[in-house]
Amino acid sequence: MENILDFTLEELKLWMKSQKESEFRAKQVMDWLYKETWDFELMKNIPKTTKEKLKKDFYVGIPKVERVQQSKDSDTYKFLFSLEDGNLIESVVMKYNHGNTICISTQVGCRMGCKFCASTVEGLVRNLSAGEMIGQIISAQKEIGERISNIVLMGSGEPLDNYSNVLKFLSLVNADYGLNIGQRHITLSTCGIVPNIMDLSEKNLQITLAISLHAPSDELRKEMMPIANKYTIDEVIEACREYVKRTNRRITFEYALVRGVNDTPDHAKGLHNILNGLLCHVNLIPINEIEENSFKKSYYENVKSFSNILTSYGIENTIRREMGTDIDAACGQLRRRHMKSDL
Ligand code: SAH
């Protein structure tokens, strides 16, 4: 049995052919799936015999909603989903005036080992398939009863460590038979796996690339993110220049501010030196404090002056609005709490 959501239209056509069925049935099935009918029986225009064959070979791998937490102001929903094999993942939906945004997971756990992140504490369990990423979106859409128009790959996992499935996911999101969400409405966030950024820049996509930088020097970055031992900041920035050159898209840099670690005026100046002349935007994020480490959130006045220094150098930046802090919306926390309470 395979998850039918892992299939592209072309692949489903091939399957129809192999079953001696008409190819146009593939599009009909896709239409049902993406319009949120997940029961083959309810697909009215599909003949009974075809349904039987579908049921024999496929299941519809919609992640099951185990828990939904809604923030008090009700503009953030956090979902805990269970997958076919029982693994748990999280997604967050944020309601903005310009539309609903979902933050999805790309892996169960993560092996990148960033010191401040809850998703990586127990390492990588497994990659998510393209269909499991799609499933988070269609399941959440059904739950909130509204369309989701923006996607960020910023939940648990490192998207460029699950590269081929993420590429397939992007094509399914984009397809007119799929979610039909434009590439400009998608942001992929990475800790900076340089060869895959280079590869991505050749794919001619229009998605926004977000880089988790978090430090202005290799020395400090290595203390926060093991990936910095593999690729230097210079190499990451070089790959970003290539991405901008090929795609003309502005890069987003994420910078999580940790009290006394990376939040001084000197760090801000260092960040300016690195980013100078690059088409980019910096997201300043007061770090979310988690139980697993002792990193503390920067004082707001330091965040503000960090931002002002960048602005004075002409580097566009925003201080990220914190949403859903009352519902464990930071990476991996809901899943971890749930698993611990199960023990
Ligand atoms: N692996 C990818 C995407 C998932 S993490 C990446 O590294 O970009 C999404 C973002 O959340 C990253 O910028 C990550 O550094 C950040 N993050 C992780 N834990 C955090 C925390 N406790 N507080 C603030 N940001 C955090």
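**Reading a predicted model, feature by feature**

Biologist: In α8, Ile233, Val236, Ile237, Ala239, Cys240, Glu242, Tyr243, Val244 and Thr247 are buried. What does buried mean in terms of relative accessible area?

Modeller: Buried means under 20% relative accessible area, exposed means over 50%, and partly exposed is in between (1.4 Å probe, protein chains only). Keep in mind that this is a predicted model: local features need pLDDT of at least 70, side-chain atom pairs count only at pLDDT 80 or more, and totals for chains, interfaces and linings use all residues. Residues are numbered from 1 along each chain as its sequence is written, and side-chain values use heavy atoms, with hydrogens and water left out.

Biologist: Which elements cover the buried residues of α8?

Modeller: First, the names. Helices (H or I, at least four residues) and strands (E, at least two) are DSSP runs, numbered from the N terminus. Contact means heavy atoms within 4.5 Å. The cover of α8 includes three helices, α6 (194-201), α7 (218-224) and α9 (265-275), and the strands β11 (208-212) and β12 (251-257).

Biologist: How many Å should helix α8 span?

Modeller: The expected span is 1.5 Å times one less than the number of residues. Helix α8 has 15 residues (233-247), so it should span 21 Å. Its end C-alpha atoms are 21 Å apart, which agrees. Look just past the end too: Asn248 follows α8 and has a positive phi, near 65°.

Biologist: Now the rings. What describes a pair of aromatic rings?

Modeller: Two things: the distance of the centres and the angle of the planes. Rings of Phe, Tyr and Trp (its six-membered ring) pair if their centres lie within 6.5 Å. Planes under 30 degrees apart count as stacked, over 60 as edge-to-face, and the rest as tilted. By this rule there are 6 aromatic pairs. Take Phe7 and Phe58: their centres are 5.0 Å apart and their planes are at 80°, so the pair is edge-to-face.

Biologist: Where in the chain do Phe7 and Phe58 lie?

Modeller: Phe7 is in the loop between β1 (2-3) and α1 (9-18), and Phe58 is in strand β2 (residues 58-59). They are 51 residues apart, and the pair links distant parts of the chain. Phe7 is buried at 12% relative accessible area. Phe58 is buried at 3%. Ring pairs also join Phe7, Trp15 and Phe58 into a cluster.

Biologist: What is the geometry of the pair Phe116 and Phe295?

Modeller: Edge-to-face, with 6.4 Å centre to centre and 75° between the planes. Phe116 is in the loop between β7 (107-109) and β8 (124-127). Phe295 is in the loop between β13 (280-286) and α10 (300-312), 179 residues away along the chain. Phe116 is buried at 13%, and Phe295 is buried at 17%.

Biologist: Which ring does the charged end of Arg259 sit over?

Modeller: The rule comes first. A charge sits over a ring if NZ of Lys or CZ of Arg is within 6 Å of the ring centre and within 35 degrees of the ring normal. Arg259 sits over the ring of Tyr299, 4.1 Å from its centre. Lys142 lies over the face of Trp38, 4.9 Å from the ring centre.

Biologist: Which residues around the ligand come nearest?

Modeller: A residue is near a molecule or strand if one of its heavy atoms lies within 4 Å of it. There are 16 residues around the ligand, and Glu158, Ser189, Ser212, His214 and Asn288 come nearest.

Biologist: How many Å separate a polar side-chain atom of Ser212 from an oxygen atom of the ligand?

Modeller: The distance is 2.6 Å. A polar contact is a pair of N or O atoms within 3.5 Å. Within protein, one must be able to donate a hydrogen and the other to accept it, and residues adjacent in sequence count only if both atoms are side-chain atoms. Polar backbone atoms lie by ligand oxygen atoms as well: one of Thr190 at 3.3 Å and one of Cys191 at 3.4 Å.

Biologist: Is Thr106 buried or exposed?

Modeller: Buried, at 1% relative accessibility. Thr106 lies in the loop between β6 (99-103) and β7. Not counting residues up to four places away in sequence, Thr106 touches residues including Asn127, Met133 and Glu158.
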